[in-house]
Amino acid sequence: MRPILASREGEELQSALSTRDRIGQAKGIIMERYNVDDVRAFEMLRKLSQDSNTRLSDIAERVIATRGDK
């Protein structure tokens, strides 16, 4: 049973890293688009997430999807 747990932990870690990468990418897009620093960009993502009751990773995906829009 231990290999199953290790596999699941590995999948969860990979998912967490992927989510972190997407949030970082979204922060970069916001930093460039609005000329703000990384702290302010994260605050903007977090506030939008809270105000819309939407997961931060979903907000990040939406920002990434609009990266070509101006």
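Biologist: The structure holds four salt bridges. What makes Lys-47 and Asp-51 one of them?

Modeller: A salt bridge needs a side-chain nitrogen of Lys or Arg within 4 Å of a carboxyl oxygen of Asp or Glu. For Lys-47 and Asp-51 the N to O distance is 2.8 Å, so the pair meets the definition. This is a predicted model, in which local features need pLDDT (the predictor's confidence in each residue, from 0 to 100) of at least 70, side-chain atom pairs count only at pLDDT 80 or more, and totals for chains, interfaces and linings use all residues. Residues are numbered from 1 along each chain as its sequence is written, and side-chain values use heavy atoms, with hydrogens and water left out.

Biologist: Why is Asp-51 called exposed?

Modeller: Buried means under 20% relative accessible area, exposed over 50%, and partly exposed in between (1.4 Å probe, protein chains only). Asp-51 has 56% relative accessibility, so Asp-51 counts as exposed.

Biologist: What does Lys-47 count as?

Modeller: Lys-47 is at 48%, and therefore counts as partly exposed.

Biologist: How do you know that Arg-55 and Asp-58 meet in a salt bridge?

Modeller: Their N to O distance is 3.8 Å, so the pair falls within the cut-off of 4 Å. Arg-55 counts as exposed because its relative accessibility is 56%, whereas Asp-58, at 34%, counts as partly exposed.

Biologist: What makes Glu-43 and Arg-40 a salt bridge?

Modeller: The closest N and O atoms are 3.6 Å apart, so this pair also fits the definition. Glu-43 is partly exposed because its relative accessibility is 33%, and Arg-40 is partly exposed at 41%.
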